[in-house]
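User: I am new to this structure and would like to understand the reasoning behind the terms used for it. Please set each value against its criterion.

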Amino acid sequence: MAGSLIIFFGMLGNIMSGLVYISPANVFWRICKRGSTEEFESIPYVSKLLNAYFWIYYGLIKPDSLLVATVNMFGAVVEIIFLTIFLLFAPPRMKIRTAILVVVLDVVFPAAAILCTHFLLHGDTRIDVAGLLCVAFSMVAYASPLSAIKTLLLTKSVEYMPFLLSFILFLNGGVWTAYALLAKDLFVGLPNGTGFFLGTLQLILYAIYWKPKSSRRIVDDLEHQDKHEPLIKSSEQLQQDTHTRTTVVS
């Protein structure tokens, strides 16, 4: 029974993580249409590709963890496509900077780390070190939700925290946390438990700060009016208000 549940949550986790990986597709569609990367940064995609490499390795060397590897294989392909598009349309300075990051962080460093781990370590020690590398680089990915939460608290607006992405991150973290509990896998559970907590927090904040567009417009108009209306009116303003009311009544 437990084995069947592990497979079920692993397959469900593959679907959720696949959605997370392809979620920036609209950004790259925009880049292709406009022929420019504009103000977008390549670092998130470089770090996600690096993270995917380590999870692939971890899923392949740990027994019964193939489902951890498969979704990250898909994710690595997606990130390579995204980075290729970025390099094609980036301005010269950004192109050089991104190319250096890709070579150092997505080729040299993971190759060296995985080769050293594989040939210098053995058994459970190898699995533990690979798991620690996965946890370390997964935590970097949670800078994005934290940044979105900070922006929401500063602006009091959900405009910069899309509901769908927050909901997918919430589901993805929850599914993989359930998988980790069933499979007794701390390395999968720690980053995804963190992701589940942050996803829950995002949804709670979204519910608190979300306002219908019409209500938002009324509130903004009232705030705008309050900013421009003096707290104490002059005698001329009071006479003008009285004249206006008298005209309306008549």
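Analyst: A suitable starting point is the second largest pocket, where helix 1 supplies the largest share of the lining, three residues. Please note that the model is a predicted one.

User: Which helices supply at least two residues of that lining, and which residues make up the lining?

Analyst: Helix 1 (2-22), helix 4 (66-89) and helix 8 (163-183) each contribute at least two residues. The lining consists of Gly3, Ile6, Ile7, Lys62, Pro63, Asp64, Ser65, Leu66, Leu67, Tyr179, Ala183 and Asp185. The pocket holds about 200 Å³ of space.

User: How do the residues of this lining divide into nonpolar, polar and charged?

Analyst: There are seven nonpolar, two polar and three charged residues in the lining. Gly3 is one of the lining residues, and glycine is counted as polar under the convention used.

User: What makes the phi of Asp64 worth mentioning?

Analyst: Asp64 has a positive phi of about 60° although it is not a glycine. Most residues other than glycine have a negative phi. Asp64 lies in the loop between helix 3 and helix 4. Its relative accessibility is 77%, and the cut-off for exposed is over 50%, so Asp64 counts as exposed.

User: Where does Lys156 lie, and why is Lys156 called partly exposed?

Analyst: Lys156 is found in the loop between helix 7 (143-155) and helix 8. Its relative accessible area is 46%, which falls between the 20% limit for buried and the 50% limit for exposed, and therefore Lys156 is partly exposed. The phi of Lys156 is also positive, near 60°, in a residue other than glycine.

User: Why is the pair of Arg30 and Glu38 called a salt bridge?

Analyst: The criterion asks for a side-chain nitrogen of Lys or Arg within 4 Å of a carboxyl oxygen of Asp or Glu. The side chains of Arg30 and Glu38 meet at 2.8 Å, N to O, so the pair qualifies. Arg30, at 36% relative accessibility, counts as partly exposed, and Glu38 is partly exposed at 30%.

User: What makes Arg30, Arg34 and Glu38 a network?

Analyst: Salt bridges link Arg30, Arg34 and Glu38. Besides its bridge to Arg30, Glu38 forms a salt bridge with Arg34, where the closest N and O atoms are 2.9 Å apart. Arg34 has a relative accessible area of 54%, and because the cut-off for exposed is over 50%, Arg34 is exposed.

User: How many salt bridges does a search of the whole structure find, and what does the pair of Glu41 and Arg97 tie together?

Analyst: The search finds five salt bridges. In one of them, the side chains of Glu41 and Arg97 meet at 3.4 Å, N to O. Glu41 lies in the loop between helix 2 (25-34) and helix 3 (43-61), and Arg97 in helix 5 (residues 92-120), so the pair ties together parts that are 56 residues apart in sequence. Glu41 is partly exposed at 34% relative accessibility, as is Arg97 at 36%.

User: How do you know that Asp106 has no salt bridge?

Analyst: A salt bridge must lie within 4 Å, and the nearest side chain of opposite charge, that of Lys48, is 12 Å away from Asp106, so the criterion is not met. Asp106 lies in helix 5 and is buried. A polar atom of its side chain lies 3.4 Å from the backbone nitrogen of Leu50.

User: Why is Asn172 called buried, and what makes its approach to Ser17 a polar contact?

Analyst: Asn172, in helix 8, has a relative accessibility of 11%; buried means under 20%, so Asn172 counts as buried. The side chains of Asn172 and Ser17 make a polar contact at 2.7 Å, and the limit for such a contact is within 3.5 Å.

User: How many helices and strands does the chain have, and what percentage of the chain is buried?

Analyst: The chain has 11 helices and zero strands. Buried residues make up 35% of its 250 residues.

Definitions and conventions. Residues numbered from 1 in each chain as written. Predicted model: local features only at pLDDT ≥ 70, side-chain atom pairs only at ≥ 80, totals over all residues. Heavy atoms only, no water. Buried < 20%, exposed > 50% of the residue type's maximum accessible area, 1.4 Å probe, protein only. Helix = DSSP H or I, 4+ residues; strand = E, 2+ residues; numbered from the N terminus. 1 Å grid on protein atoms, 1.4 Å probe; cavity = no way out; pocket = protein on both sides within 12 Å on 5 of 7 lines; lining within 4 Å. Points joined across faces, edges and corners; volume = space filled by probe spheres on them. Lys, Arg positive; Asp, Glu negative; His and termini not counted. Polar contact = N/O pair within 3.5 Å; in protein donor to acceptor, adjacent residues only side chain to side chain.
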